[in-house]
Amino acid sequence: MKAVCEGIDLSDAVLKVVKACATKTITPVLECIKLSAVNDALILTATDGEISIRKTIKADVYEEGDVCVPGRYFSDFIKKLEGVQITLSAEDKRMSIIYADSQTEMQVLSAEDFPKMDLDINESSFTLKTSDLKKFISATSFCCASDDSRPILKGCQFVIKGEDVCVTSLDGFRLATVKGKVVSATGDMEIVCPARTLNEIEKMIPDGDGDTEIFVQRGMILVSAENTVLTSRLYNGDFIRKENIIPKDFTTIVKVDKSSLKASIERAAILVRNDKNSLIIFDVSGDRIEISSNSEIGNVQEPVKAEVEGKDVRIAMNSKFIIDAVNALSEDKIEIAFNSQIQPFVCENETDKDRLYLILPVRTANNA
């Protein structure tokens, strides 16, 4: 294999595909990026068995061929060569990287054992406005579980019925759900896509007014944008039904300025950031929420003006969870609804109810 390409193009491509390289595996080839010189292009591919990313860039190809380079080392090296033209030449088990007046050699593996990327995924599909897809991902993926105790909770559920789409995620302590419209769909469907996959999709699709089509088949999805193709496995199993978790009625409803609430919560969170639950207290009464926290470092107690309707309530919560929820809401005024100090509460925009965040309170000695 021998190909010549611009360093900036190669660096951009490597940084995209290296996200799919495996980090802890007994199969060395999964830690590699496959380089394929074909016609007038260099194709870079990486996979860890769950997610695969392929990026194509222009290149002058003098000798076609395939080779697998160690992904992380190659990525770190190439991103230091963005301003020069690069010649890649591989023979046997070594590859030469020639740039300016310098040359570096790197050990490589045969491409014969590299998994084939399945691009034949087109049985079903749905299309979203790209801006909406980015919104769905950023507004829900942070609520996915990060451990492997219940793998399906590491993904976001997409439910498409007619023109409506609902995206939901939860980790056992909080839940996020966002509603919107599809541009088109081949039919009703329900999938659970890994949060990691969605975060990579969010990065690869361009900003703007365009649409993004997502193809689904055999428990896999495929998304293509700007000479980059991503495929990923979907999670199988029954996702928790949000209808069974989200309360339908509330005894206390609070409307509050988002920026004032956020600033107060963040200050209260500073003193408890090293505690296990980063515990803060909301004491809702009269025309305010009193926000407090207490630790060995000190204590915070701040009132925030609010419109309160219903019963007084005092409730403890994880400060990170409430900050994440408040940050994800889009209006200047938000609504928080409670039932009791031991029941889950929800956060929404005051007017546009397109998204909802549910948080479980933390039991303390005073409310156990």
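**Figure 1. A cavity of about 40 Å³ is the largest one in this protein.** The model shown here, like the other views, is predicted. Rolling a probe the size of a water molecule over the atoms shows where empty space is left. Counting cavities of 30 Å³ or more gives just one. So who sits around the largest cavity? Its lining is made up of Phe126, Phe158, Ile191, Cys193, Leu198, Ile214 and Ile221. Sort those lining residues by type and you get seven nonpolar, no polar and no charged.

**Figure 2. Helix α1 and its buried residues.** This helix covers residues 7-17. Look for Gly7, Leu10, Ser11, Ala13, Val14 and Val17, which are buried. These residues are on the same side of α1, because they cover an arc of only 165° around the axis. A bit of helix geometry helps here: an α-helix has 3.6 residues a turn, so residues three or four places apart point the same way.

**Figure 3. What the buried residues of α1 pack against.** Zoom out slightly from the helix and its partners come into the picture. Among the strands that the buried residues of α1 pack against are β1 (2-6), β2 (32-38) and β3 (41-47). Strands β4 (51-58) and β7 (85-91) are also partners of these buried residues. A helix joins in too, namely α2 (71-78).

**Figure 4. Cys68 in strand β6.** The strand in this view runs over residues 65-70. Is Cys68 buried or exposed? Cys68 is buried, since its relative accessible area is 0%. Leaving aside residues up to four places away in sequence, Cys68 touches Val29, Cys32, Ile33 and Lys34, along with Val108, Leu109, Ser110, Ala111 and Phe114. Take Ser110 from that list: Cys68 and Ser110 are 42 residues apart in sequence, yet their C-alpha atoms are 6.0 Å apart in space.

**Figure 5. The protein chain as a whole, to place the close-ups: six helices and 26 strands.** Along its principal axes, the C-alpha trace spans about 75 × 50 × 35 Å. The chain has 368 residues, and 51% of them are buried. What share of the contacts with a separation of 6 or more comes from residues 24 or more positions apart? In this chain, the share is 67%. As for the outside, the accessible surface comes to about 18300 Å², and carbon and sulfur atoms account for 45% of that surface.

How values were computed:
Residues numbered from 1 in each chain as written. Predicted model: local features only at pLDDT ≥ 70, side-chain atom pairs only at ≥ 80, totals over all residues. Heavy atoms only, no water. 1 Å grid on protein atoms, 1.4 Å probe; cavity = no way out; pocket = protein on both sides within 12 Å on 5 of 7 lines; lining within 4 Å. Points joined across faces, edges and corners; volume = space filled by probe spheres on them. Nonpolar A, V, L, I, M, F, W, Y, C, P; charged D, E, K, R; others polar. Helix = DSSP H or I, 4+ residues; strand = E, 2+ residues; numbered from the N terminus. Buried < 20%, exposed > 50% of the residue type's maximum accessible area, 1.4 Å probe, protein only. Contact = heavy atoms within 4.5 Å. Areas by Shrake-Rupley, 256 points an atom, 1.4 Å probe, with all protein chains shown as cover. Arc of directions from axis to C-beta.
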